[in-house]
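Trainee: I should like a close look at a single part of this model. Please treat the hydrophobic interior and whatever leads on from it in one connected account.

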Amino acid sequence: MPIRLVLAEDHYLVREGILRLLEARPDLDVVAVCDDLSSLLAAVEAERPHVVLTDIRMPPSDTDEGIQAAERLRETHPEIGVVVLSQYANPSYALALFQGGSARRAYLLKERVTDLEELEAAIRAVAGGGSVIDSKVVDALVAENARRDDSPLSQLTPRERDVLREMAEGKNNAAIADALLLTERSVEKVIHSIFLKLGLTWETAVHKRVKAVILYLAEGL
């Protein structure tokens with residue numbers, strides 16, 4: 001069954017461009033297109049989509065409507081996934097999105113929409129209960145945190161840092177193994193070592209690992 005989508009974007013050309021990309025995929029079904037927060041919430045009630053794909057800033061205030069929608073839907077329709085598209089690599093927006101829960105949430109930079117494979121992967125991830133955060137945001141968090149003299153990140157080996165970045169992006173052990181040319185068993189050992197060094201509680205669920213890592217990286221920012 002196709003994944004039912006509601007698309008929310010207030011800029012006409014951007015909205016039409018994304019819509020054309022999504023329509024090229026027969027397994028993605030755009031059931032409503034919106035240009036502000038109120039019409040987005042109304043479309044969700046009318047269409048009950050699997051996933052909402054939304055810009056981070058829309059009318060009425062052009063501030064963080066995408067984040068507001070994700071928070072609202074967490075309470076009213078927790079089964080619906082939300083992919084927030086943003087032009088901001090500033091980690092604070094991503095942290096706001098994940099603060100209330102990371103399951104079924106993704107934060108991608110708008111420049112990624114030209115890569116349909118990546119966009120579709122994020123849509124599928126949140127539809128299945130997972131999490132995705134843009135790699136550029138992860139890099140910004142790691143770099144900022146690593147500048148602290150007392151940061152435990154300095155204890156991580158280069159391999160552990162690589163796995164940390166992949167894990168923070170929402171990848172499971174198999175995907176990390178493929179990306180870094182490792183065995184899944186090796187990845188599991190590295191993740192155990194990372195959590196031990198960073199003082200994090202071990203999590204098996206991918207979306208919980210994402211939240212744990214992102215919140216850790218955000219400490220002190």
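Mentor: The largest nonpolar core has 52 residues, of which Leu40, Val52, Tyr107, Leu164, Met167, Ile194 and Leu217 touch the most other members. Such a core is a set of buried Ala, Val, Leu, Ile, Met, Phe, Trp, Tyr and Cys residues joined through side-chain atoms within 4.5 Å; buried means under 20% relative accessible area, exposed over 50%, and partly exposed in between (1.4 Å probe, protein chains only). The model is predicted: local features need pLDDT of at least 70 and side-chain atom pairs pLDDT 80 or more, whereas totals for chains, interfaces and linings use all residues. Residues are numbered from 1 along each chain as its sequence is written, and side-chain values use heavy atoms, without hydrogens and water.

Leu40 leads to helix H2 (residues 37-47), where Leu37, Leu40, Leu41, Ala43 and Val44 are buried. These residues lie on the same side of H2 because they cover an arc of only 160° around the axis, taken from the directions from the helix axis to the C-beta atoms. Helices (H or I, at least four residues) and strands (E, at least two) are DSSP runs numbered from the N terminus. The cover over the buried residues of H2 includes strands E1 (3-8), E2 (28-34) and E3 (51-55) and helix H3 (65-76), in contact terms heavy atoms within 4.5 Å. The face turned away from the buried side carries the exposed residues Ser38 and Ala46.

Just after H2, Arg48 has a positive phi of about 50°, although Arg48 is not a glycine. Arg48 lies in the loop between H2 and E3 and is partly exposed, at 47% relative accessibility.
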